[in-house]
Structure formats: C-alpha cells, structure tokens
Amino acid sequence: MELRIDRLSVDVDGSRIVHDLSLDVPEGQLVGLVGPNGSGKSTVLRCVYRALRPSGGAVLLGGTDLADLALRQSARAVAALTQENGTDLDFTVEEVVALGRTPHLRGNRPLDVRERRLCRWAMERMDVAHLARRGVLELSGGERQRVLLARALAQEPRVLVLDEPTNHLDVRHQIDLLSLLRRTRTTVLVVLHDLNLAAAACDRVGVLSEGRLVASGTPREVLTPPLVREVFGVDAEVVPHPLTGAPQLLYTLTSDTTEKGNP
Ligand SMILES: Nc1ncnc2c1ncn2[C@@H]1O[C@H](COP(=O)(O)OP(=O)(O)OP(=O)(O)O)[C@@H](O)[C@H]1O
C-alpha cells in the first residue's frame, strides 16, 4: 500500500515545526527520513500514525486521506514503532507481541492458530523467541526494542513506520533488522540517524532540516559531501561500498584536522 505525505504542515503552540512537506513512499519501498536533532522527523511520523493531526496538508494511505478513515481501519494498516512506546506494564514478551493483533480482534476473541503461529514467527524473526516467557521490564534496551518490533510485525501491517528502530541494537541486530525490512517488501518509512545504514538499506532517502524537506532521492543522489556539510555541519568523504556500490560516509573527527597539539 502506498503512503503519500502531501504538503504536510504541523503547528505546535503557534509555531510551525513542519513546513509544506511532501514525500511519497511507493508500495513495497523502504524510504528513510534523516536529519539533525529537532528537524521534525518524529513529528512527521506522528502524523502518519495519527498521534498528531496535521495543521495543513494530508497523509494519504493507498490514496485515501487518513482523516477519512476510522481509527480502527488505519490501526490495522499502519504499525508504528515510536520513540514513546516503551511498555511500562509487566507483560511477558509473548503477551506484548500478541498485542500486535489487537486492531484485528473483535471483542474478547482469543488468537486463533494462524495468529499464534504468526506471533511465534515474529518473535523468531526478531530473535526474541527464547525470551517468550520473560517479563519485558527485565529485558535489556535492545531486547525490548526487538520485542516491540516483533509486535509490529505480528500486526501484519501494510505500512510500517519506525522511529529510530536501530536505537539500542547491537550491530548484528541492526543489520538483521534492516535486511528483514528489505525482504518483507512492506511499505516502510523509517527514521534513521546512521546515514551509512540509511544508504545501505533505503530505496530512497528524504532529508529534513528545520522542518523542511531539503532533498529526496536515492541515497547516491542525496548523500553527497556538500549536503552532509550543509545539513549536518560535518565533513565527510563519500566512497562507494566495494561490494554493493552504496555510498558510504567516512567522517573526520574535528580534532584530527583543526586542533594542533594538546592544550
Ligand atoms: N509537543 C511539542 N511542543 C513543543 N515543541 C515541540 C513538540 N513536539 C516537537 N516539538 C519541537 O519540534 C521540533 C521537531 O521535533 P521532532 O521531535 O519532530 O524532531 P526530530 O527530528 O525527530 O528530532 P530527534 O532527532 O532529536 O529525535 C523540535 O524543535 C521540538 O522541540
């Protein structure tokens, strides 16, 4: 299902924090949203998972304005991993993952055999099946993040919206997650801080700066030294990955070139 963000604006307390932003996520593609802290990435995602109402413009799901869909309809189609959704409840891992089915259930119907298999599959994909009976509160940050990702997969969403999903994950689980996202061919909009992961994994990348989309295109088109300098204020060399050709950024620590000797 295609996700289209069409001339989105968001005002908070009278000031505009997202300006007239348009970005398409074609069906089955993985689109990354990158930008400095405070540039508006989470705010855009909040409009997609309906935690925030746009002040202008619209978010369209398969061509339909989200505002015209019942909350239950959009909750079935869109799964979100947000900055806020740590779980404070002392549920077991398998209970949390089963919550992914909630938008599909009517009344108190228990999960059927297919859904229980699906939850098991999601836990295995996220490498948390061995933790199924453990309480989520006793898990490490990365384990808990993987449980929340398993819950999102168990929802069988048409669109996945992920806000810094690689937070807390060790390098193997970061690579596993992004490889899985590429394989699922679900429509994915993902906020990433690691530009090299974004370059390796995303079909397209949108770059935000001060609430505006300042560039979008393939990683090769977008992640250039001048753009990285202008938007992030850092110098980077960009080299092609020797195996895949994806652009990879090599940073130079400021002190390596500008500081002379010790203070
Ligand atoms: N509820 C709010 N009230 C006031 N200001 C807000 C609110 N939500 C967001 N902002 C401001 O809007 C701007 C964009 O915030 P947002 O969280 O979308 O940025 P971000 O790009 O996701 O940042 P980060 O990379 O640090 O997570 C920031 O300056 C933030 O302080």
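**View 1. The shell around the ligand in this predicted model.** The residues around the ligand (C-beta atom, placed from the backbone, within 6 Å of it) are V12, D13, I17, G35, N37, G38, S39, G40, K41, S42 and T43. Helix α1 (residues 41-48) gives the most to this shell, with 3 residues; helices here are DSSP runs of H or I with at least four residues, and strands are runs of E with at least two, numbered from the N terminus. By class, the shell has 2 nonpolar, 7 polar and 2 charged residues, with Gly counted among the polar ones. Residue numbers start from 1 along each chain as its sequence is written. Local features need pLDDT of at least 70 and side-chain atom pairs count only at pLDDT 80 or more, while totals for chains, interfaces and linings use all residues.

**View 2. The buried face of helix α6 (residues 171-184).** Look here for L177, L178 and L181, the buried residues of α6 (20 or more other C-beta atoms within 10 Å of their own; exposed means 12 or fewer, partly exposed in between, with C-beta atoms placed from the backbone). Seen down the axis of α6, the directions from the axis to their C-beta atoms fall within an arc of 90°, so these residues line one face of the helix. They pack against β3 (30-34), α5 (141-154), β8 (187-191) and α7 (195-201), judged by C-beta atoms, placed from the backbone, within 7 Å.

**View 3. The other side and the end of α6.** Turned away from the buried side are the exposed residues R172, S179 and R183. After α6 comes R185, with a positive phi near 55°.

Conventions. Expected span 1.5 Å × (residues − 1). Contact = placed C-beta atoms within 7 Å.
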